[in-house]
Structure formats: structure tokens, C-alpha cells
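Trainee: Please take me through one part of this structure closely. I am new to it, so go step by step.

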Amino acid sequence: MGALLQEDRLFPAEASAKAVARDLYGQVRDLPIVSPHGHTDPRWFAENEPFSDPSELLIVPDHYIFRMLVSQGMSHDALGVPRADGSRATRDGRAIWKQFASHYHLFRGTPTRLWLDHTFETLFGLEERPNAGNADATYDHIADCLARDEFRPRALFERFGIEAIATTEGALDDLKWHRVIRESGWAGRVVTTYRPDSVTDPDFEGFRDNLVRLGEITGCDTGSWEGWLEAHRRRRAYFREFGATATDHGHPSAATANLSRAECEALYAKVSTREAAPEEAELFRAQALTEMARMSAEDGMVMQIHAGSRRNHSASVFSSHGRDKGFDIPGPTDYVGALKPMLDAVGFEPKLSVILFTLDETAYSRELAPLAGAYPSLLLGPAWWFFDSVEGMRRYRAAVTETAGFYNTAGFNDDTRAFPSIPARHDVARRVDCGYLAELVVDGRLDMDEAVELAPDLACGLARKAYRL
Amino acid sequence: MGALLQEDRLFPAEASAKAVARDLYGQVRDLPIVSPHGHTDPRWFAENEPFSDPSELLIVPDHYIFRMLVSQGMSHDALGVPRADGSRATRDGRAIWKQFASHYHLFRGTPTRLWLDHTFETLFGLEERPNAGNADATYDHIADCLARDEFRPRALFERFGIEAIATTEGALDDLKWHRVIRESGWAGRVVTTYRPDSVTDPDFEGFRDNLVRLGEITGCDTGSWEGWLEAHRRRRAYFREFGATATDHGHPSAATANLSRAECEALYAKVSTREAAPEEAELFRAQALTEMARMSAEDGMVMQIHAGSRRNHSASVFSSHGRDKGFDIPGPTDYVGALKPMLDAVGFEPKLSVILFTLDETAYSRELAPLAGAYPSLLLGPAWWFFDSVEGMRRYRAAVTETAGFYNTAGFNDDTRAFPSIPARHDVARRVDCGYLAELVVDGRLDMDEAVELAPDLACGLARKAYRL
Amino acid sequence: MGALLQEDRLFPAEASAKAVARDLYGQVRDLPIVSPHGHTDPRWFAENEPFSDPSELLIVPDHYIFRMLVSQGMSHDALGVPRADGSRATRDGRAIWKQFASHYHLFRGTPTRLWLDHTFETLFGLEERPNAGNADATYDHIADCLARDEFRPRALFERFGIEAIATTEGALDDLKWHRVIRESGWAGRVVTTYRPDSVTDPDFEGFRDNLVRLGEITGCDTGSWEGWLEAHRRRRAYFREFGATATDHGHPSAATANLSRAECEALYAKVSTREAAPEEAELFRAQALTEMARMSAEDGMVMQIHAGSRRNHSASVFSSHGRDKGFDIPGPTDYVGALKPMLDAVGFEPKLSVILFTLDETAYSRELAPLAGAYPSLLLGPAWWFFDSVEGMRRYRAAVTETAGFYNTAGFNDDTRAFPSIPARHDVARRVDCGYLAELVVDGRLDMDEAVELAPDLACGLARKAYRL
């Protein structure tokens with residue numbers, strides 16, 4: 001280890017538990033990375049062009065980073081974050097980096113700091129953290145690295161030890177970059193994921209136009225409910241051709257519904273032809289989830305539900321800079337009532353597997369672990385987003401395991417578009433999980449041979465199995 | 001200790017705290033078990049027949065166990081769980097045990113695993129955990145044990161060091177097994193608890209028939225509100241004859257109400273004569289709680305409120321297998337608004353003691369500890385159900401103590417029908433509590449002599465006092 | 001250290017973390033106390049008269065203390081707590097003290113116990129805790145101390161090392177004691193805080209009379225919305241003359257609104273002339289918060305929102321003894337939806353700073369840290385009220401830091417009227433924070449030089465900056 005990373009980081013402080021954690025970690029550190037849910041750009045792997053400058057790679061697209069800088073008075077514009085109209089106030093990577101470097105202390109105590117330290121040390125070989133004094137030097141150093149062949153996307157993919165990575169594409173995507181990857185003959189396994197929000201959520205920008213486009217792509221009559229269903233079936237099959245084993249659904253709530261066919265037709269007739277009222281939009285999303293579950297029970301695609309984010313909280317930021325600009329704030333999320341219609345409809349279908357994510361930690365022990373600990377079709381996804389963090393993961397394990405056990409969880413996934421941080425994220429998860437197992441061993445709740453069996457499951461085995469990769 | 005249990009399990013890992021915990025635990029380990037709330041069958045102690053085979057005792061009736069197995073794809077039927085119509089798909093104990101044994105790893109990290117390990121080692125002397133390979137042998141070994149006299153219910157009761165145990169009977173129960181116990185001259189103290197849900201909850205199966213039966217049993221006119229009240233008074237008195245010191249109320253919410261007599265009469269006239277609307281049922285349950293509190297303020301029976309479970313979440317499981325089949329899922333539970341009508345009515349009555357339980361852990365520090373730390377009539381029950389677990393208890397102490405102190409809590413109770421696991425459950429609680437006290441001592445928040453005073457209170461003293469046993 | 005306090009209290013138990021914590025604490029222990037939010041009486045510092053007897057100083061005004069005693073069966077009356085009509089059932093300080101002393105064990109495990117132990121040992125030099133046996137002796141000893149000059153308010157202020165303290169006064173207060181302090185020439189910095197609840201909350205006792213009085217004081221026409229706004233501007237300016245840098249708002253919820261001017265005028269016309277309906281009162285409070293934020297964006301006063309307490313839960317205690325008698329119980333509190341109108345209106349105003357407090361800990365990681373980690377105008381206040389405690393602070397840091405970092409928090413404040421406990425409260429916070437930093441260091445999440453920089457920020461630097469003192 002070098003200047004930024006401590007060798008035994010994130011292990012329990014107490015010596016006997018630390019020794020167990022270190023031992024377990026040694027057995028999983030070098031296992032391959034299975035990354036079944038994320039947002040890297042398949043174009044990177046298709047074209048294999050060098051990444052552009054450090055800020056374009058590390059700062060501008062990362063809402064964890066610019067959110068924190070904005071919270072302390074910097075502006076989206078000065079950080080080069082694209083505006084809603086696609087324009088950018090600056091493309092001066094060096095100036096953006098300087099702001100970031102001189103405020104790196106703001107990230108103390110956050111997972112972003114852990115991921116970046118890991119990236120800086122292990123990928124770029126930095127010997128000190130960015131700061132106001134070394135901003136130019138660190139920028140130049142990373143820029144030099146990125147220009148070299150061993151920092152091209154495919155080289156990094158291989159260096160990182162990625163066994164498989166899933167990207168996420170919208171239902172209307174033509175998956176051309178995935179086609180290019182496949183046709184290139186490169187051995188890296190990059191699969192897509194079916195994300196149909198743009199044609200299942202009436203509140204999505206351009207929803208009705210998207211339905212028209214969906215009809216064009218599939219040759220289905222998306223003017224009708226049955227046509228809409230069939231169009232999804234065809235798109236799902238198309239995505240499976242490019243390796244997709246899963247679908248993903250980002251909804252404000254976990255609401256599901258189980259309407260009659262006549263009700264579905266009537267609701268679809270409304271939302272597909274005019275602006276939906278809020279309760280109509282919610283009901284349509286709810287019914288759409290149940291339909292997706294029905295299709296999953298048929299075609300075996302694993303279904304992911306990412307619920308609970310109140311997107312675009314700031315009206316002014318949304319207006320100036322659009323979606324995904326760090327102003328998505330969670331709220332309380334019900335799962336018990338919300339999922340009941342879907343579970344009553346298909347909860348015991350043998351091929352169905354639904355992975356649940358939450359931004360409301362209170363649901364872990366109260367709702368999600370009891371649900372996953374009962375329904376055979378449910379698994380718990382790992383600690384997500386704000387909780388993809390040391391304390392977040394620790395709370396997750398402590399809240400979930402006693403009711404759902406380990407085997408009703410879906411293992412780790414990184415859910416990131418920050419490609420260079422992927423090894424760091426898996427490393428944090430492996431360390432925290434080994435620390436948790438070590439504490440169970442020292443606590444007398446688990447034998448060492450059991451921990452040795454569980455550690456690789458938590459590192460990659462459960463993810464591989466849950467996502468059918 | 002043997003092969004399954006580590007001697008210092010569940011104590012803090014850090015050496016100084018571990019030493020204190022071990023010391024405290026040594027002082028309470030052998031104290032009698034006070035079990036003031038549970039669901040063992042009084043018939044066992046009345047007849048004192050040997051328990052039937054291992055699966056009938058340990059698997060089939062335990063929703064903690066079959067729930068987990070079902071969540072991983074086994075079926076209620078294959079596990080011999082009784083169907084709603086009383087039939088069973090199998091009674092082959094050995095086959096059921098085989099499924100359980102070959103999936104015992106699913107329980108890693110759960111309290112069920114702790115309880116079972118303790119039972120297997122200390123009660124049955126197993127030297128390895130059940131697994132696919134030893135399923136027949138472990139089944140046979142336990143079956144042999146159960147056939148011996150020292151494994152009969154009364155012998156176990158005595159071996160376990162039970163000072164007193166409370167069972168739970170419905171308001172319409174004739175308590176005949178309690179009568180048999182009493183008349184047998186056996187010294188074991190088995191008392192009943194008054195559980196009137198079947199005649200206080202209009203949503204309970206057969207509610208209106210139950211009211212008729214209540215009238216027949218008591219000689220009261222349960223066609224009228226006043227008759228209903230008087231019938232309860234008589235049943236409570238009858239239960240007290242069989243040792244009852246407490247009542248218990250399992251409601252979906254903690255709602256209470258304080259209606260006028262005319263409103264009560266009108267509401268009762270509705271719910272006692274026709275299907276209640278959901279809001280009528282909720283209001284009647286709410287008023288019933290306040291009436292039970294009024295009676296407790298008179299007759300001194302301690303009142304327990306177990307709120308917050310959304311029972312029978314899966315429509316299909318409820319339809320095929322009925323109640324209590326592992327598909328009860330908690331939801332958010334309000335106490336602050338819910339209890340106010342009752343507390344305004346009788347919250348300062350000197351003889352009233354209400355013990356509150358929750359399945360929504362967020363209520364501990366936000367609502368329950370502030371309430372119990374203010375109202376003299378309120379006590380907090382221990383961590384319940386999904387939270388009757390190592391982490392659950394630790395979170396409970398950390399969340400509750402700073403606001404309510406120790407003396408506004410009701411001590412531990414096991415709330416179980418799994419008789420053989422009772423010593424294990426109390427042992428886990430004693431270890432966790434001694435660990436918590438030890439951490440306070442090491443942290444400088446408590447002197448050792450205070451911890452020595454508190455440890456037996458937490459082990460059994462507070463329960464004895466809270467339940468007036 | 002003496003008989004009551006352990007030297008390394010509240011540091012991590014594990015040796016390496018303890019050593020780091022001790023080191024960090026050594027660097028902040030003697031830093032000045034910055035107390036930017038509290039409820040001490042400015043009259044004390046103005047008149048500098050000796051405090052009266054021990055019970056009048058320590059027991060009678062402290063709702064943390066008498067609440068706990070009441071919860072165990074003592075009465076407000078017997079403890080000398082003033083009744084709603086201003087009368088008192090007893091003024092016998094010695095008898096009150098005797099009850100307290102003989103029940104001091106009830107506080108085991110609570111922060112009150114920590115604060116009192118610290119006060120007893122470091123301020124009064126007691127060598128054992130109060131108990132039934134030493135009640136007279138401890139009472140006499142403390143009474144003797146209080147009679148001495150070095151225990152007068154200004155002497156204590158100086159002995160405590162207070163750099164600045166803020167009191168809280170209602171909008172109608174004439175601030176005469178602040179004037180006396182200023183004119184006395186004494187160097188102690190005592191500033192006021194603008195607390196306008198009595199004229200922003202239609203549910204406040206005497207609201208409409210208060211509006212009239214507000215008009216008289218300011219010379220504004222508080223019969224009109226514009227006059228009401230102008231009256232606030234003038235009072236804020238007046239409070240600033242007496243050092244105020246902040247306003248404070250204690251509302252049942254965090255609701256804000258952004259109505260049109262016509263809607264404001266119409267709403268004000270209603271609430272200022274007749275009893276407000278509950279939803280009108282809520283909407284008026286909500287609009288008032290946004291107006292206060294607008295004024296803060298102009299005049300630079302820091303705005304504090306203390307939301308989520310259901311005040312006066314017991315109707316009988318409120319009727320007999322009035323407000324603030326220990327029966328304020330928190331409830332779930334929404335921030336994400338509630339603050340949106342205000343944040344959309346002024347969330348990016350450069351001079352605006354809003355400090356958020358909560359009694360619903362679930363909001364820390366779900367809502368408050370994401371909000372404060374995004375909006376430049378938001379800071380998180382420290383763990384408040386029931387959570388101003390060891391475990392409360394630990395949970396706060398663990399829940400908040402990963403998303404909001406350290407620099408979006410407002411440092412510690414004591415929020416107390418219990419003047420003698422102020423050093424104890426800051427000491428607890430400094431110990432807990434140093435322990436938290438130490439754990440991050442040992443965990444490899446923070447370098448020691450960073451912890452050394454952060455420790456004084458958490459001890460007083462962030463509070464000084466957040467409150468612009």
C-alpha cells in the first residue's frame with residue numbers, strides 16, 4: 001500500500017476480529033468482479049478510445065462529487081456540468097480540476113473519498129491527495145496516464161478483473177454499441193439491462209412520443225394495451241440477444257397494481273393519449289411493474305426495483321441543468337402495501353426473481369427483510385446509492401441478516417457510471433463484508449469454516465447467482 | 001461448552017468489556033427464568049405426555065423456521081405445515097427433518113440458528129449441526145431423547161429453571177388445561193393471559209359468533225355495549241382465578257379512542273350485527289383498548305399492546321394455509337397520536353400499567369422511549385419478534401435507554417411457542433444485556449456496582465415486577 | 001478526575017482508537033465554549049445575583065429530570081414544578097432534593113446522569129452521587145457553594161470558558177436584560193436570538209393579541225400582511241442591535257409554503273382576526289417560514305428550524321401545569337416535501353443559511369443529509385433534545401457524515417436552560433466527536449492530521465462559523 005490507503009482499512013479495530021477479517025479478505029480480494037448493475041457507457045468498450053481529460057472522466061459526470069461541491073457554494077456551471085439544453089459553461093478541465101482539488105477535504109468521511117483515494121493510488125499512482133497546491137501536477141499526471149494504451153477502456157476492464165459487467169439501456173435503445181462489442185471479437189463480457197421507464201412512466205419526459213417510437217421499433221400497435229404489452233415482450237427478447245439477464249425499474253414508489261384487463265385498457269387509453277393526472281401516472285407505473293413481473297415469470301429476466309427517490313428536488317437546478325444533477329432526495333417508502341398486488345399475482349411463480357432496493361433504511365428490518373425472508377420470489381439488493389458506503393453497508397447487514405439471512409440477498413453491485421472507481425467500490429464492499437463476518441465469528445455466531453464459505457458468496461457468488469450471469 | 005457453542009459468545013469483542021460482561025453474566029446465568037408472555041401449550045404441562053417426533057416439536061409449528069425454508073423455495077406442504085382446512089400434505093417427520101437439516105445453513109446469522117444450536121447442544125447433546133449427511137442420525141438421536149422421561153414437559157420445565165411461565169388463551173377459552181395443572185398438585189407455576197382479540201376485533205374470523213359465545217359463557221347480554229363490557233369483566237376475573245396477571249392485545253395499529261357512551265353503543269350496535277367497514281373495525285378496536293385499560297386500572301391486570309403487524313400478507317398462503325404462516329409483515333406504526341385518547345383518559349391511573357411492543361424500530365427513540373419516559377402508566381416491552389435477536393436487542397438498548405432509562409422497561413420475555421428454545425432465548429438476552437452493561441461500564445457511563453445491580457433486574461427482576469408475578 | 005467521572009469516559013474501548021481519541025480530546029478539551037443556541041436567562045448575567053437553592057437551580061426547571069421522576073410515579077406538584085396558573089404546590093427545596101436524590105438511580109444510562117455527575121464533581125466537588133442517605137448533606141453542600149461569589153452567574157460564565165452564548169427571546173421581548181448586560185460594561189458575550197413563534201404560529205396562546213402587541217411595539221399596521229412583514233423586519237433589526245445573529249423557529253412540522261401575495265393577504269386576514277382552522281394555522285406557519293427565509297437572505301440572520309415535536313401530549317398535564325413539562329413527544333417528520341417550497345423560492349440565495357434540526361432520526365440519512373449535501377443554503381444542526389446524548393450523537397455522525405460530510409454540519413450547541421450543565425454537555429460532545437474521529441482514523445478513513453484539523457472544528461469552529469459569531 002502507498003501513501004493514501006491504509007492496509008487494514010475498514011476491518012474491525014479489535015485485534016481478534018481484525019485478524020479474522022484480514023484472513024477472510026485475503027481469500028476474496030482477488031476474486032473476479034461481477035458487476036451486474038451499473039451505468040458505464042458501452043461505447044467505451046465498443047470504441048476503446050482513450051478517456052479524455054481527468055475532469056471529464058472523474059468530476060463532470062459524477063453527481064456524488066459535484067453535488068458536494070455545489071453544497072458548499074460552487075456552481076454546476078463552473079464545474080462544467082452540462083446544462084439542460086446540452087450547452088456547457090466551461091470545458092476547461094484544468095480549471096474544473098483545480099476547484100475539485102482545492103476542496104477535496106470536503107469529502108472527508110464520505111465513500112467518495114474512499115473510492116477516489118483508491119483510484120488515485122492504485123490506478124494512477126498518486127502519492128498525495130489532490131489539494132490546491134498540487135492541482136496542476138495531479139491533473140497533468142492523470143492526463144498523462146489516460147493518454148496511454150493501458151488506460152484505454154478494455155485494458156482497464158481486464159486489469160480490473162471484471163468477469164461480467166451490465167450496462168443499462170432504455171427500452172428504445174438500439175444497442176448498437178453492444179452490437180459493436182460483440183462483433184469486435186473482444187472477450188470482455190458486457191451485457192445490457194432492460195430499463196423501460198421511458199415507456200412505463202407517464203411522467204417521463206416525452207412519454208407519449210416514446211410510445212409511438214416503441215411501436216415503430218417493434219412493429220406493435222402501441223395505441224393499444226395489448227400492443228404495448230407485446231412491444232415489451234419483443235424488446236425484452238431483443239435485449240436478451242445482447243446478454244441481458246435483468247430488467248430495471250426506477251420508480252418514485254414501489255407501488256404495484258393488479259387491475260383487470262378492461263381497467264388496464266382504459267387506463268392505457270388515457271395515459272397514452274393525454275397528460276396523465278398524478279394518480280393515473282402512479283397507477284400506470286404500478287400496473288406496469290406487475291406486467292413486467294409477469295413477463296419475468298415467463299422469460300426469466302431478473303427484475304430490479306429501485307424505488308424511493310424524489311427526483312429533481314430543486315426546481316431551479318432541474319430547469320437549468322436537467323436530471324441527475326445531485327438533487328434527488330429520498331423519502332419514506334412503503335413496500336408492504338405497495339408490493340402486495342404484484343406478490344398476490346405472481347409472488348410464488350418459480351421463475352420470478354425480484355431484487356428490491358431502498359433509499360429508506362427504516363424499511364430494511366421492518367419490511368424488506370421480512371418480505372425477502374418469506375417470499376421465494378424476492379431478494380434484497382445491496383445497500384444503494386447514499387448507502388453504498390461503509391456505515392451504510394454495516395447498517396444493512398445488521399438490519400437485514402437476522403431476518404432474511406444471507407441467502408435472500410443479491411450480493412454486491414456497484415451501480416456506477418464512474419468506471420475507474422469500480423475496483424474501489426468492490427474493495428470497500430469486500431472489506432466491510434469480511435469485517436462483518438469476522439465480527440460474527442468472534443461473537444460466536446458463525447464458525448470460521450462458514451465464514452470462509454460465505455465470504456466469496458458475498459464478494460461475487462451471490463451476485464452471479466441472483467443475476468443469473 | 002461443546003461443539004456448537006462458543007463460551008464467550010455475544011459478549012463484546014474488546015477484552016476489557018468482554019471481561020466485565022463475562023463477570024456480569026456469571027452472576028445471572030443461573031437465575032430462574034421468568035417467562036411472563038408466551039405461547040406454549042398448557043396441555044403439555046397438564047398431560048405431561050412425551051413430545052412427538054423432532055419435526056413436530058421443532059419445525060412444523062415454528063414460523064421462524066418454515067418461513068425461511070419457504071423463502072428459498074420449499075413449500076409449506078412439503079414441510080408438513082397444516083393447511084387452512086386442518087389437513088396436512090405430509091406427516092413424515094423424517095422427511096421434513098431432512099429438508100430442514102440439509103438447509104440449516106440458511107439460518108446462518110439469524111437468531112433461530114443461535115436458539116437451535118443452543119437447544120441441540122445443551123438439550124440434546126448433538127456434537128454437530130444438522131446437515132444433509134447427518135439428517136437421519138440427528139433425527140433419530142432427538143427422537144430417542146424425546147421418548148425419555150426426562151424430556152417430558154414438566155421435567156423440562158424444571159430442568160430449565162422456570163420460576164413462572166404465562167401462556168396465552170383467547171377470551172372464550174375454558175382454561176381446562178390450566179385447571180388440570182392446578183388440580184394435579186404439580187408445583188410448576190403456569191399462568192394464563194387474557195387475549196380477547198376474537199371478541200374485540202371485528203375483523204377477527206367469526207367475530208359476531210364469538211360475541212354470542214361470549215354471552216353464553218358469561219351470562220351477559222352481549223347484544224348490548226354494557227353487556228359486552230360486563231362480559232369482559234367476568235372473563236378477566238375468571239382468568240385471574242387461573243393466575244392471569246396480564247392481558248394481551250394484538251392489533252394492526254396502536255389506535256385507541258375515547259368515545260362517549262352513546263357513541264360506543266351505536267358503534268357496538270353496528271359491529272355486533274353486520275360486517276364492519278374497515279374504519280368501523282379500527283375504531284372499535286381502538287375503543288376496546290381504552291376499555292381494557294379502564295378495566296386494568298380497576299382490576300390491576302397488566303395490559304400488553306402488540307401492535308404493527310400486517311397479518312397474512314400473502315393472499316394465497318392465507319387461503320391455503322391460514323394464519324401465522326410466516327407471512328406477517330410489519331409496517332410503520334404510530335404511537336404518539338394513537339395512544340393519546342387512552343392516555344388522556346387513564347394515563348395517570350395508579351394501578352394501570354401498559355406494556356408497549358413494536359415491530360417498527362423507528363418508534364423506539366422517536367416515540368416509545370419519550371412516552372415511557374414520561375407517563376407513569378407506560379413501560380416498554382423488550383425487542384419483539386423479528387427483533388428478538390442479538391442486533392435487535394442491541395439496537396433496542398441503544399435507542400431506548402438514554403430517554404427512558406432502564407426502569408421504564410419491562411425486562412425480557414420470550415414470546416414463543418417453541419418450548420425447547422426458552423432457555424436459549426433467555427440466555428441470548430442475558431448475554432446481550434450483560435454485554436451492553438459492560439460497554440457502559442467500560443465507557444464510564446455506569447459503575448460496576450450499578451451494573452451488578454442492574455444485571456439481575458434485566459435478567460428477570462424487571463419482568464417479575466412489570467408483570468406482577 | 002474524582003469519584004464520579006472516569007478519565008477516559010466515552011472514548012472507544014479498543015486500545016488504538018482510545019489512544020487516538022485521548023490525543024484528539026487533549027487538543028480540544030480546553031477550547032472556549034461557543035454556545036450559539038440555548039435558553040439560559042439573560043437576567044442572570046444582567047443582575048449577577050447568586051442562584052437560589054439547589055433544587056430551584058437544578059431540578060425544578062429541568063424537564064429532563066422531573067419527566068423521569070414523574071414517569072416513575074412522582075408528581076409534578078411534589079417536585080415543585082410550577083402549575084399553569086403560576087402557583088406552586090411546594091417551594092421546599094430540601095424536600096424536592098430528597099426525592100431527586102433518592103431516585104438518582106433512575107437516570108442510569110441517560111445523558112442527564114452524565115451531565116449531573118460532571119456538574120456534581122467538577123463544579124461542586126461532590127465525592128459521591130446523591131442518594132437517599134446523603135440527600136441532606138449534598139443539598140447543604142451545594143447550597144453553600146451557591147451562596148459564594150465564585151458561583152454567581154458571571155463568575156461561572158468565566159470559569160466555564162464561554163466565548164459567546166446565545167439566549168432565546170420571543171419577538172415581543174424588550175430585551176431589557178440584554179440592555180443591562182451591555183450597559184454594565186461586563187466583557188461576557190451574551191447575545192439574543194429572534195424567536196417569533198408567538199406571532200408566526202396561529203396556534204400559539206394569545207396569537208391575535210400578540211399581533212396587536214407587535215404592531216404597538218413596531219409602529220407597524222399588523223392588521224395587514226405587509227405591516228406584519230415590516231414589523232418582523234424591524235424586530236429583527238432590533239434584535240441584531242443586541243447581538244442576534246440567528247432566528248429560531250419551533251414548529252410541529254417543517255412545512256413551508258410559497259403563496260402569492262394575494263393568497264398571503266387573504267390568509268393573514270383570516271388568521272389575524274379569528275380562530276384559525278388547523279390547516280390554516282399550518283399553512284400560515286409554512287408561509288411564515290418562507291418569509292423568514294427571505295428576510296434572512298436579506299439581513300443575513302441564520303435561520304434555525306426545530307421541527308417535529310408534538311407538544312403537550314398529555315391533556316391533563318397541560319391543563320394542570322402548562323407547556324414544557326416533559327410531555328412533548330416527537331413524531332415522524334417530513335423534510336423533503338416540506339422544505340421544497342422554501343428551497344425553490346430562496347434555496348440558492350447566497351446570504352441564506354438554514355440550520356435544520358430533527359427529532360425523527362430516520363430523516364438523518366434519508367432526507368437531511370441528502371438535502372444538506374446538495375443545497376448550499378442548508379446545514380444540519382447537531383443531534384437535538386432526546387438525541388443530545390452519547391448514542392444519539394454517535395448515530396448522528398454515522399448517519400450524516402457519509403452523505404453530507406463534516407462541513408455541511410453546524411457544529412455542537414447545547415440548547416439548554418440548565419446553565420451549570422453547559423460544560424458537561426460540551427464535554428460529552430467533544431469526547432464523542434473525538435471518539436468518532438478516532439474510529440475513522442483507526443478504520444483508515446481519515447489521516448491523523450485531518451482528524452487534528454477536524455477536532456477543533458467540531459468542538460467550536462463549525463458552530464462559530466455556522467452562526468456567524
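Mentor: Start with what packs over helix α4 of chain A. The cover over its buried residues includes α5 (93–102) and α6 of chain A, together with α17 (362–372) of chain C. Keep in mind that this is a predicted model.

How many residues of α4(A) are buried? Eight of its nine residues are, so the helix is mostly covered. Go along the helix and you meet them in a run. Tyr64(A), Ile65(A), Phe66(A) and Arg67(A) are buried. Met68(A), Leu69(A), Val70(A) and Ser71(A) are buried too. Now look just past the end of the helix. Gly73(A) has a positive phi there, about 105°.

Next, follow the link to chain C. Chain A puts 38 residues into this contact, and chain C puts in 37. Which elements of chain A give two or more residues to that side? They are α4 (63–71), α6 (111–123), α15, β9 (329–330) and α18 (390–404). The largest share is that of α4(A), with four residues. By class, the side of chain A that touches chain C has 15 nonpolar, 14 polar and nine charged residues.

Now turn to the contact between chains B and A. Here 38 residues of chain B meet 37 residues of chain A. At least two residues each come from α4 (63–71), α6 (111–123), α15 (315–321), β9 (329–330) and α18 (390–404) of chain B. Within the side of chain B that touches chain A, α4(B) supplies the largest share, four residues. That side divides into 15 nonpolar, 14 polar and nine charged residues.

How are chains A and B related? A turn of 120° with a shift of 0.0 Å along the axis lays chain B on chain A, with an RMSD of 0.0 Å. This is the relation of a three-fold axis. In chain B, Glu14(B) has the C-alpha nearest the axis, 3.4 Å from it. The copies use different surfaces: of the contact residues of chain B, 5% recur in chain A.

Step back to chain A and its domains. Domain 1 covers 15–48 + 159–466, and domain 2 covers 50–151. Their C-alpha centres are 28 Å apart. The two domains of chain A also touch, with 18 residues from domain 1 and 18 residues from domain 2. On the domain 1 side, α15 (315–321) and α19 (422–442) of chain A are the elements that give two or more residues. The largest share of that side, four residues, is from α19(A). By class, the domain 1 side has five nonpolar, seven polar and six charged residues.

One last stop in chain A is Asp140(A). Where is it? Asp140(A) sits in helix α7 (residues 135–146) of chain A. Is Asp140(A) buried or partly exposed? Asp140(A) has 14 other C-beta atoms within 10 Å, so it is partly exposed; a buried residue needs 20 or more. Now find Arg94(A). Asp140(A) and Arg94(A) are 46 residues apart along the chain, and 8.6 Å separates their C-alpha atoms.

Return to where we began. Helix α4(A) is mostly covered, and α17 of chain C is part of what covers its buried residues. The same helix gives four residues, the largest share, to the side of chain A that touches chain C.

How values were computed
Residues are numbered from 1 along each chain as its sequence is written. Chains are lettered from A and ligands numbered from 1 in the order in which they are written. This is a predicted model: local features need pLDDT of at least 70, side-chain atom pairs count only at pLDDT 80 or more; totals for chains, interfaces and linings use all residues. Copies are superposed by least squares on the C-alpha atoms of residues with pLDDT of at least 70 in both. Two residues are in contact if their C-beta atoms, placed from the backbone, lie within 7 Å. Domain bounds come from an automatic or database domain assignment. Ala, Val, Leu, Ile, Met, Phe, Trp, Tyr, Cys and Pro count as nonpolar, Asp, Glu, Lys and Arg as charged, and the others, Gly among them, as polar. A residue is buried if 20 or more other C-beta atoms lie within 10 Å of its own, exposed if 12 or fewer, and partly exposed in between; C-beta atoms are placed from the backbone.
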